[in-house]
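Hi,

Here is the structure I promised to pass on. My notes on what turned up in it follow below, so you can read them with the model open.

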Amino acid sequence: MKLKLACLVLGPLQNNVFFLTDEETKDCVIVDPSLHPQEQAKYLAENDLTLRQLWVSHGHYDHFLGVPSLMESQTPHPLFGMNPDSFAHAQKQEEQYQFGMTVRALPPIDLALKQGDKLSVDPASSEKFVEVREVPGHCPGSVIFYCPKGGFALVGDAIFRGSIGRTDFEGGDEALLLKSIREQIFTLPPETVLFPGHGPQTMVGYEMENNPFFMH
């Protein structure tokens, strides 16, 4: 297995949409399929990739809006993975009109992501190399995807370079988010690269030493 991580920055909120690919098989997972699913489908086609799964870090529409379109446009249909608490939160946003697009109903979850789950790009593969960790606080049921093999984690909106996710939305809880980060992100190796849902990458060690939310 030869892993590749690529990113497209899409939409008015500058969402980082990640493509985790096995370059040997051309199997791919999209993490947080945001707005402009046609751009994501174009990337798949241009790189001759087979979309096996869609993983969503949390239940805010800008991270899942592309799911229905990608589920419909790709053959075979990819599996859809999301934490049940995030899924329930996401359903409250359906049929809203955001940035010129209707937030369509999500399909049922194929993979109910929870703490400790092990995942692979191809769901049939016996080599499970991504670990799910729950990090609620920004949104109920938020998760991160940690890849020890690659030395990185896809962290959604839990933590950013020098900041943390907003907690003033419905379901937000700053104390819970700080606890989640300490227990589930700061326990990763300090050299682990963190790729957030918006903005630049950072590292566990850098945030432990420099993030102002933890400087007391």
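Glu72 is exposed, because its relative accessibility is 52% and the cut-off for that class is over 50%. Please keep in mind that this is a predicted model. The side chain of Glu72 forms a salt bridge with that of Arg104, at 2.6 Å from N to O. Glu72 belongs to helix 3 (residues 67-73) and Arg104 to the loop between strand 7 (101-102) and strand 8, so this contact ties together parts that are 32 residues apart in sequence. Arg104 itself comes out as partly exposed, at 40% relative accessibility.

That pair is one of several, so how many salt bridges does a search of the whole structure find? The search gives eight. Two others are worth a look:

- Lys114 and Asp117 meet through their side chains, 3.2 Å from N to O. Lys114 is partly exposed, with a relative accessible area of 46%, whereas Asp117 is buried, at 18%.
- Lys179 pairs with Glu183, and their closest N and O atoms are 3.2 Å apart. Both residues lie in helix 5, four residues apart, which is about one turn of the helix. Lys179 is partly exposed at 43% relative accessibility, and Glu183 is partly exposed too, with a relative accessible area of 41%.

Now to the sheets. One is an open sheet of six strands in the order 1-2-3-4-5-8, with mixed pairing. Strand 1 (3-10) and strand 8 (111-112) are at its edges and have a single partner strand each, so one side of each has no neighbour in the sheet. Strand 8 runs parallel to strand 5 (residues 79-82), and two bridges join them. Within this pairing, Met82 has Ala112 of strand 8 as its bridge partner.

Two helices to look at here are helix 1 and helix 4. Helix 1 (residues 37-46) packs on the sheet and touches strand 1, strand 2 (15-22), strand 3 (27-31) and strand 4 (50-55). The direction of helix 1 makes about 150° with that of strand 1. Helix 4 (residues 84-91) also packs on the sheet, where it touches strand 5 and strand 8. The direction of helix 4 makes about 95° with that of strand 5.

Which residues does Gln40 touch, leaving aside those up to four places away in sequence? Gln40 sits in helix 1 and is buried, with a relative accessible area of 0%. Its contacts are Leu8, Leu10, Val17, Phe19, Ile30, Pro33, Ser34, Leu35 and Leu70.

There is also an open sheet of six strands with the order 9-10-11-12-15-16, and its pairing is mixed. Strand 9 (118-119) and strand 16 (202-203) take the edge positions with a single partner strand each, so one side of each is left without a neighbour in the sheet. Strand 15 and strand 16 are antiparallel and pair over two bridges. Val193 is placed opposite Met203 of strand 16. Helix 5, the helix that holds Lys179 and Glu183, packs on this sheet and touches strand 10 (130-134), strand 11 (143-147), strand 12 (152-156) and strand 15. The direction of helix 5 makes about 155° with that of strand 10.

Finally, the aromatic rings. The count of aromatic pairs comes to six. One of them joins Phe186 and Phe214 in an edge-to-face arrangement, with 4.8 Å from centre to centre and 65° between the planes. Phe186 is in the loop between helix 5 (174-185) and strand 15 (193-196), and Phe214 is in the segment after helix 6 (204-210), so the pair ties together parts that are 28 residues apart in sequence. Are these two residues buried or exposed? Both Phe186 and Phe214 are buried.

Elsewhere, ring pairs link Phe18, Phe152 and Phe195 into a cluster. Another ring to visit is that of Tyr206: the charged end of Arg161 sits over it, 4.2 Å from the ring centre.

Happy browsing, and best wishes!

Notes: Residues numbered from 1 in each chain as written. Predicted model: local features only at pLDDT ≥ 70, side-chain atom pairs only at ≥ 80, totals over all residues. Heavy atoms only, no water. Pairing = 2+ DSSP bridges. Contact = heavy atoms within 4.5 Å. Axes fitted to C-alpha atoms, helices over the stretch in contact; angles between N-to-C directions. Phe/Tyr/Trp six-rings, centres within 6.5 Å; stacked < 30°, edge-to-face > 60°. Buried < 20%, exposed > 50% of the residue type's maximum accessible area, 1.4 Å probe, protein only. Lys NZ or Arg CZ within 6 Å of the ring centre and 35° of its normal. Salt bridge = Lys/Arg side-chain N within 4 Å of Asp/Glu carboxyl O.
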